[in-house]
Amino acid sequence: MKLNVAAAPEIVPAVKAIADQWTKAGAAVNGTCVAVDVTDELPATIASAVSRDHSVALIGLPPAPESVQAPDVWVPDSSTWLLRLQTEAAGFLPQTITSVAQSPLVLAMPEPIAKQAFNWPKGKVGWANLLANFSTDEPMSVGIMDPTQDASGLTSLLALSQASTAASGTNPIEGLKAKSRALTALDTNKAVLREELLARFPKSETDLFGPNTVSAAPLSEEDVVAYNAERPAIPLSAIYLEPSPAPLDYPYTIMPQVVDAQKADAAEGLRLQLLAPAAKNALAAAGLRAPDGTYGANFPAPMGAPQSSPAVTPPAATKAPDGKAASAALTGGDLSAVVGGWIATTKPGQALTVFDTSGSMAEPVPTAGGKSRAQVTQQAASVGLSLFSNKWSVGVWRFSTNENGAKPWKQLVPITSLVKGREELQDSINDLDPKEGGGTGLYDTVLDAYLHAKKNYSPQKINSVILFTDGKNENADGITDDKLVAELKKAQDPKKPIRLVLIGIGDKVSVEELKMIRDALPGSNSGVFLAPDPTLITSIFAQAIGSRTGVI
């Protein structure tokens with residue numbers, strides 16, 4: 001019996017060595033011999049193949065080749081892949097998830113620069129120090145792995161986002177500006193392949209701070225170990241940032257399609273071998289730590305490396321009916337928000353934003369000190385607008401009933417480039433006050449907004465309609481639900497993909513109506529996102545940009 005295992009390239013030598021030792025010792029399940037076929041596959045490739053099998057997509061990932069199929073066992077470098085997949089594909093339910101190795105996230109930096117900039121190895125460095133670098137007159141050139149396609153890049157952005165939030169205190173706009181500066185700078189030095197980024201580190205003293213080199217990059221400890229193993233003229237230091245971000249945790253994942261009892265037992269047998277004490281030395285030879293954060297014999301620890309790093313949780317096998325992976329502190333929404341911030345800052349896009357201004361938006365929000373839903377939404381809109389870079393074009397509509405004659409909606413600002421229209425768009429947010437006695441002309445507004453986005457479609461950009469509402473359709477003179485669904489289906493054009501993002505505010509919104517609208521656009525990656533507590537709209541908004549299929 002063959003067990004197919006796909007693993008992140010850096011852990012493959014260890015997995016092969018342990019599997020070979022097991023098979024030589026007579027690996028068998030109920031009298032049947034087990035052969036283990038271990039292949040190295042980038043986690044992004046397998047994640048894309050799995051999402052394809054579930055008819056969803058992870059934003060930023062290119063399609064996997066048809067030849068790549070989901071394995072029996074998958075060992076990606078990080079459980080963030082599992083969280084992202086679970087966020088988009090509710091049916092992705094791995095049988096067992098266990099961390100079998102780890103590698104702390106570090107700031108990789110040429111040793112001479114580390115000594116000069118941070119008094120390495122004596123000085124301590126935090127994420128706030130890295131964030132502050134981007135505000136200096138002559139910031140260091142910092143590289144990053146594309147966070148939509150690499151776990152170290154995604155985890156790094158999560159840590160930077162948390163640092164910007166902490167630094168901003170009660171001024172979220174300043175925090176977003178700091179993060180935006182950082183993301184814009186990182187985008188100029190992003191890489192998709194690890195080798196591509198590592199090749200940009202200086203190769204000699206004369207290359208230090210050169211125009212085509214990077215001076216730092218958040219990478220894994222294993223990346224630094226592997227780089228220095230080649231004995232470069234300028235070795236890399238590994239700076240262990242504080243607070244420690246989640247490490248790469250290498251979750252051993254028995255995939256949902258393994259339904260044969262014998263194959264499941266074989267997968268469990270290999271899992272136990274990877275967790276056995278003897279496996280620690282094989283991991284060390286590959287530059288990796290055991291899940292408990294310690295390392296085996298002959299591990300080439302970078303200078304300043306701790307004897308042990310925090311253990312990943314859970315360290316033992318975990319049944320995962322809810323799809324949660326090893327990093328229980330993280331959620332799919334956290335990761336979607338980080339991806340959304342990256343997309344808004346670095347990718348060109350075009351969005352028509354449509355805001356509910358019906359009378360119910362005047363209702364107070366208990367968690368917002370008595371502010372109305374409209375006021376909370378306006379604040380969120382102001383913060384959300386600051387997420388978008390000048391690569392975006394944005395328009396603003398308000399809607400209720402009879403906003404513009406018989407029309408339930410009114411255009412405040414046409415779709416305008418943020419290069420020239422940011423101030424006008426920001427000012428328009430003040431005009432989103434509720435209309436006393438106004439109903440919710442949802443159906444007509446959705447259809448007209450979609451057709452407007454289609455008419456103004458930009459082939460070079462991500463095109464979307466982002467609509468906020470707190471109620472249900474209340475326009476007696478408007479179109480019916482059947483008419484809306486039929487017209488949306490007729491309007492959908494695969495050559496002009498438009499994503500419809502529906503954000504429900506408060507606890508009175510009609511989820512069924514929003515789901516009906518979303519389902520009228522199959523294959524468009526449209527989604528429904530709910531903010532029962534309106535004070536959470538800003539984070540939900542970022543999640544909506546970074547997630548394909550919504551929360552329901």
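**View A. Strands 18 and 19, side by side.** In this predicted model, strand 18 (residues 499-505) runs parallel to strand 19, and five bridges join the two. If you want a spot to zoom in on, try V501, which stands opposite G527 in strand 19. Helix 18 (residues 537-546) packs on the sheet here, touching strand 18 and strand 19 as well as strand 17 (462-469). The direction of helix 18 makes about 160 degrees with that of strand 18.

**View B. The whole six-stranded sheet.** Pull back and you get an open sheet with mixed pairing, its strands ordered 16-15-14-17-18-19. The edges belong to strand 16 (407-417) and strand 19 (527-531). Each of these has a single partner strand, so one side of each has no neighbour in the sheet. From one strand to the next, the twist averages 20 degrees.

**View C. Helix 14 over strands 15 and 16.** Now for another helix: helix 14 (residues 418-428) lies across strand 15 and strand 16. Helix 14 runs at about 145 degrees to strand 16.

**View D. T401 and its surroundings.** T401 sits in strand 15 (residues 392-404). Is T401 buried or exposed? T401 counts as buried because its relative accessibility is 11%, and the cut-off for buried is under 20%. So who's around it? Setting aside neighbours within four places in sequence, T401 is in contact with P408, K435, E474 and N475, plus the run of G438, G439, T440 and G441.

Key. Residues are numbered from 1 along each chain as its sequence is written. This is a predicted model: local features need pLDDT of at least 70, side-chain atom pairs count only at pLDDT 80 or more; totals for chains, interfaces and linings use all residues. Side-chain values use heavy atoms; hydrogens and water are left out. Helices (H or I, at least four residues) and strands (E, at least two) are DSSP runs, numbered from the N terminus. Buried means under 20% relative accessible area, exposed over 50%, partly exposed in between (1.4 Å probe, protein chains only). Contact means heavy atoms within 4.5 Å. Two strands pair if DSSP finds at least two bridges between them. Axes are lines fitted to C-alpha atoms, for helices over the stretch in contact, and angles run from 0 to 180 degrees between N-to-C directions.
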